[in-house]
Amino acid sequence: MSTSQSLHDAVLAALATVNDPEIHKPITELGMVESVAISEDAVAHVRVLLTIAGCPLSGTIDADVRKALASVDGLAGAEVELGVMSDEQRTELKTKLRGGIAQREIPFAREDNLTQVLLISSGKGGVGKSSVTVNLATALAAQGRSVGILDADIYGHSIPAMLGLADASPTGVADMIMPVPAMGLKVISMGMLKSSRDQVIAWRGPILDKALHQLLSDVYWGDLDFLLLDLPPGTGDVAMSLGTKLPNAEVIVVTTPQQASAEVAERAGTMASMMEQKVLGVIENMAYLDTVCPHCDQPHRVDVFGTGGGRNVSDALTTRLGYEVPLLAEIPLEPAVRAASDDGVPLVALGEDTPATKVFNDLAARLASRKRGLAGKKLNLNVR
Ligand SMILES: Nc1ncnc2c1ncn2[C@@H]1O[C@H](COP(=O)(O)OP(=O)(O)OP(=O)(O)O)[C@@H](O)[C@H]1O
């Protein structure tokens, strides 16, 4: 092999180590390296194409490319020129990002898609649906899974604030929306589509449907092991719309011990049949408070909100739906859960060893080790 050829190969190998800062894939795979030439004096001439003119991250890409080239042995120097992709090249990139699918298709709806799509729902607001979503997602990510969160709660978008992303907005690359990274998760919220933070979203019917479709198809989720959707409480337009969009999704019902179980089960059951989706199980949140008794100084479990709500909902749903709907977890009422969320960091991300953290990590481990697509196989996700 000639020296110039081996230098050329070495330069390409070095460029393959440079990731696009937003897409997180090598620029060589994304068609961003337009040309590489090695001149007789061993100088590399590299032309890199940005996805859009005025790309805010052009400085980062330029610096990363130069750094990679500086590591190539035998090069006397490097000249880097930045250009911009043509419309055609952008279309090619978009197709590549969509896994070879040119149209705006929802990747999670494909039969061969292996992402576990979990719809976190509740009969009514304030039971801790969003807290469960962020903590479970963080626990899954800490166990090495690639996890996305879609905050589809049109009434209150609590997810961004719980992840310290209150003012974050996603960027666009080649007509695709880049999810916002936080705590190792990829995050998109309906609230991020609003023009101002205090604007109220009152979308219904077709507009809501379109927005949801966009968040599922135009967002560059990449290969996800899990996608968790925080649904608005109750049944409604979002549930209806997601039914057809995410046929393989599974519903997790979050409830509290005192909630009228029949009512919760009724709503969850109705929603699941509206969506034609399986209910994976029930999570009882704020299940109990572990505290030291002021009278006897001994640790006690106090059932602040009564007992049995989660188990009753699981039993009622099992009867109503005709298959086993297990109680997946009982999460204690723990002031740290609220405090951490208020600080914009899910409790699980703090790495502290608390009973709630343990429950989230344990549930994440069970979900992560699930075998997918084995029809009829008992999944054994029961909490007891
Ligand atoms: N296990 C828990 N221990 C202590 N506080 C909790 C727990 N779970 C949730 N909370 C707190 O309860 C409040 C409501 O929780 P969260 O916002 O997650 O509920 P939600 O069901 O998503 O509500 P909404 O439907 O209104 O968005 C928050 O202040 C949250 O920090």
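**Exercise 1.** How do the residues of the shell around the ligand divide into nonpolar, polar and charged?

*Solution.* The model is a predicted one. The shell divides into 7 nonpolar, 10 polar and 4 charged residues. In total, 21 residues surround the ligand, and the closest are Gly 125, Gly 128, Ser 130, Ser 131 and Arg 338. Two or more shell residues come from each of helix H4 (129-142) and helix H10 (335-342).

**Exercise 2.** State the strand order of the open sheet of 8 strands, and explain why one side of S8 and of S15 is left without a neighbour.

*Solution.* The order reads S8-S9-S5-S10-S4-S11-S12-S15, and the pairing is mixed. Strand S8 (180-182) and strand S15 (327-330) stand at the edges; each has a single partner strand, so one side of each lacks a neighbour in the sheet. On average, neighbouring strands of this sheet are turned by 25° against each other, direction ignored.

Within this order, strand S5 (residues 147-151) and strand S9 (residues 185-189) run parallel and are joined by 5 bridges. One residue pair illustrates the register: Ile 149 has Val 187 in S9 as its bridge partner.

**Exercise 3.** Check the span of helix H9 (residues 309-321) against the value expected at 1.5 Å a residue.

*Solution.* The helix has 13 residues. The expected span is 1.5 Å times one less than the number of residues, which gives 18 Å for H9. The end C-alpha atoms of H9 are 18 Å apart, so the two values agree.

The buried residues of H9 are Gly 309, Gly 310, Asn 312, Val 313, Ser 314, Ala 316 and Leu 317. Just after the helix, Gly 322 adopts a positive phi of about 80°.

How values were computed. Residues numbered from 1 in each chain as written. Predicted model: local features only at pLDDT ≥ 70, side-chain atom pairs only at ≥ 80, totals over all residues. Pairing = 2+ DSSP bridges. Helix = DSSP H or I, 4+ residues; strand = E, 2+ residues; numbered from the N terminus. Axes fitted to C-alpha atoms, helices over the stretch in contact; angles between N-to-C directions. Buried ≥ 20, exposed ≤ 12 C-beta atoms within 10 Å, placed from the backbone. Near = placed C-beta within 6 Å. Nonpolar A, V, L, I, M, F, W, Y, C, P; charged D, E, K, R; others polar.
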